[in-house]
Amino acid sequence: MRRFHPALLAGLFFLLGSFLTRVVFALRPESAELSGGELLQSFAVGMGFDLVAAVYWITPYVLWLALLRGRVARSPFGRALNLGFFLGACFGVLFLAAAEWLFWDEFAGRDRKSTRLNSSHTDI
């Protein structure tokens, strides 16, 4: 079972990264109008989605570890592959968090621009 520890750590890193991303989004000015109950609900629903996504995300790695022979897994080549996948998975989580931040920053910028244009429009 020790063989699956890196997969478990990668899954936990995914959940932690998703949670911290949600916390950062909750601190954005656009979220100021949400009540505490709405924020709690968004965190609970988000964690449910994140658990499902983590299972889908980590399944290929778990299958690879399960089908890999013990001797190959303990070899330097197997350890290098394992480390490479783990570091790649961690990079993927950080990349996803940065992409989400940039996406929502762009979305909020367009929303502010649209609001400004609509408020300056006057009917004749």
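In H2, the buried residues (under 20% relative accessible area with a 1.4 Å probe, protein chains only; exposed is over 50%, partly exposed in between) are Phe43, Gly46, Asp50, Ala54, Ile58, Tyr61 and Leu65. An α-helix has 3.6 residues a turn, so residues three or four places apart point the same way. This is a predicted model, where local features need pLDDT of at least 70, side-chain atom pairs count only at pLDDT 80 or more, and totals for chains, interfaces and linings use all residues. Residues are numbered from 1 along each chain as its sequence is written, and side-chain values use heavy atoms, with hydrogens and water left out.

**Overall layout**
- The protein chain has 4 helices and 0 strands (DSSP runs numbered from the N terminus: H or I of at least four residues for helices, E of at least two for strands).
- Buried residues account for 23% of the 124 residues in the protein chain.
- Take the contacts (heavy atoms within 4.5 Å) in the protein chain between residues at least 6 apart in sequence: 82% of them join residues at least 24 apart.

**Helices H1 and H2**
- H2 covers residues 36–67, and its end C-alpha atoms sit 46 Å apart, which agrees with the 46 Å its 32 residues should span (1.5 Å times one less than the number of residues).
- There's a kink of about 40 degrees at Ile58 in H2, shortly before Pro60 (the bend is the angle between axes fitted to the seven residues ending there and the seven starting there).
- Ile58 is also on the buried list for H2.
- H1 (residues 5–26) reaches 31 Å from first C-alpha to last, close to the expected 32 Å.
- Buried residues of H1 include Pro6, Ala10, Phe14, Arg22 and Phe25.

**Asn82**
- Asn82 belongs to helix H4 (residues 76–120).
- Asn82 counts as buried because its relative accessibility is 18%.
- Setting aside neighbours within four places in sequence, Asn82 is in contact with Pro6, Tyr61, Trp64 and Leu65.

**Second largest pocket**
- About 340 Å³ of space lies in the second largest pocket.
- Its lining consists of Arg2, Arg3, His5, Pro6, Leu65, Leu68, Gly70, Ala73, Arg74, Gly78, Arg79 and Asn82.
- H1, helix H3 (70–74) and H4 each give two or more residues to that lining.

**How the pocket is defined**
- A pocket is an open set of points on a 1 Å grid over the protein atoms alone, where a 1.4 Å probe fits, with protein on both sides within 12 Å along at least five of seven lines; lining residues have an atom within 4 Å of a point.
- Points are joined across faces, edges and corners, and the volume is the space filled by probe spheres set on them.
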